[in-house]
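I opened my notebook to look up a few spots in this structure, one at a time. Here is what I wrote down.

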Amino acid sequence: MKKKALILFTLVIHLALHSQNRVIDEFESSSGWSFNKSDGVNVNLTTEEGIRGNAIRFDYDFTKGTGYGGIQKLFPIDLPENFEFTFWLKAGSPANNFEIKFIDSTGNNVWWVNNRNYDFPEEWKKIRIKKRHISFAWGPTADQSLKRIDRIEFTIASYVGGKGTIRLDQLDFEPLPPETSLYPIPEITASSVLKSHTTDRMTDNSTETGWQSTGSKGQYVLVDFKTRREFGGLQIDWLKGHYAVDFDILLSMDGKEWEKAYQVQSNRGETSFIRLPEAEARYLKIDLKKSIMEKWFGIAEIKFLTIKNSMTPNDFLIYTAKNSPPG
């Protein structure tokens, strides 16, 4: 009884935390946002169509080749032990530095996420900033732990210079439960199953067995993690001679709205390593487009990478090397 009560209490706390999701700014207007820029940088702020309703559009021009230009707004927030900020980003910009700053009430102490030589997305992309991503930048405070912020700033600092445009939409804040590496065993289903080649064989730690579809049209594999989960990507070991040539990896929090996280075209290998650095989802779908056999698909094993397995391209390379045949 005590164990059941503890599980119930943990579930209640988890749901309570996630019910506190807070919309900070929907960016329906540019009201409240002010500029922070260096000399020789021209900036402009307008609104245009976004993901939902309007988004704000920030244009910058490094007329002297260097400098910085950004926008900031007052958002007083007392921070819990763990949390994340999310926003949508779309840009037409050279690879300059993209800085997200969190500033205290004095304006002198700054924490940030400093994305150097940033590859800006040309289509709308949801950006997640967790507590672990934020580091102390500068300031006189002796306590560098981040417990409260008063302002948030988005800044472009010159790396290659030039001029560009960034668009921002739907800035949210959400308290999170403590980070963990312990998750429920995922439940895996599929669009079709050939007798004696059931979906549970994709997680039996044997590449000699596996799931097989009954056709090649409209086929998919669906993973339900049973909870919101972080992971670093996946390794797909295909049944010999049954691999997918083309397939997509889709992620979802609710099983209804899906985001394409990765696309593979012209695959020629029987093991696919998919890097999804710091991915987070409740559901994962492998949407199978084309089979090498043209009649069916087969997967021997699916493995989910940890965050550390793909944190950097080098981490991912080490993982793939360790899990590939010699040579």
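Before anything else, I noted what "buried" means: under 20% relative accessible area, with exposed being over 50% and partly exposed in between (1.4 Å probe, protein chains only). I'm working with a predicted model, where local features need pLDDT of at least 70, side-chain atom pairs count only at pLDDT 80 or more, and totals for chains, interfaces and linings use all residues. Residues are numbered from 1 along each chain as its sequence is written, and side-chain values use heavy atoms, with hydrogens and water left out.

**Entry: aromatic pairs**

I took F273 and Y319 and found both of them buried. I then wrote down the rule for ring pairs: rings of Phe, Tyr and Trp (its six-membered ring) pair if their centres lie within 6.5 Å, and planes under 30 degrees apart are stacked, over 60 edge-to-face, the rest tilted. By this rule I get 22 aromatic pairs. F273 and Y319 make an edge-to-face pair, at 6.1 Å centre to centre and 80 degrees between the planes. F273 is in strand β18 and Y319 in helix α2 (residues 313–322), so this pair ties together parts that are 46 residues apart in sequence. Helices (H or I, at least four residues) and strands (E, at least two) are DSSP runs, numbered from the N terminus.

I also checked Y118 and F120, and both are buried. Ring pairs link F27, W33, F75, F87, F98, Y118, F120 and F154 into a cluster.

**Entry: strand β6**

Why is β6 largely enclosed by the rest of the structure? Of its 10 residues (83–92), 8 are buried, so the strand is mostly shut in. Next I looked at its partners (two strands pair if DSSP finds at least two bridges between them). β6 pairs antiparallel with strand β12 (residues 163–175) over 9 bridges, and F83 has P175 as its bridge partner there. With strand β9 (residues 125–130), β6 shares 6 bridges, again antiparallel. In that pairing L89 stands opposite K125.

**Entry: the cores**

I needed one more term here: a nonpolar core is a set of buried Ala, Val, Leu, Ile, Met, Phe, Trp, Tyr and Cys residues joined through side-chain atoms within 4.5 Å. The largest one has 38 residues, and F85, F87, F98 and F154 touch the most other members. β6 gives the largest share of this core, 5 residues. Apart from it lies another core, of 29 residues, including F225 and I286.

**Entry: S291**

S291 sits in strand β18 (residues 271–291). Is S291 buried or exposed? S291 is buried, at a relative accessible area of 3%. Its side chain reaches the backbone oxygen of W296 at 2.5 Å. A polar atom of the S291 side chain also lies 3.1 Å from the backbone nitrogen of M293.

**Entry: V41**

V41 is in strand β3 (residues 41–49), and V41 is buried, with 0% relative accessible area. What surprised me was G69: V41 and G69 are 28 residues apart along the chain, yet their C-alpha atoms are separated by 6.4 Å.

**Entry: K285**

Last, I looked for a charge over a ring (NZ of Lys or CZ of Arg within 6 Å of the ring centre and within 35 degrees of the ring normal). The charged end of K285 sits over the ring of Y220, 5.0 Å from its centre. The charged end of K285 also sits over the ring of W258, at 4.7 Å from the centre.

Key:
A polar contact is a pair of N or O atoms within 3.5 Å; within protein, one must be able to donate a hydrogen and the other to accept it, and residues adjacent in sequence count only if both atoms are side-chain atoms.
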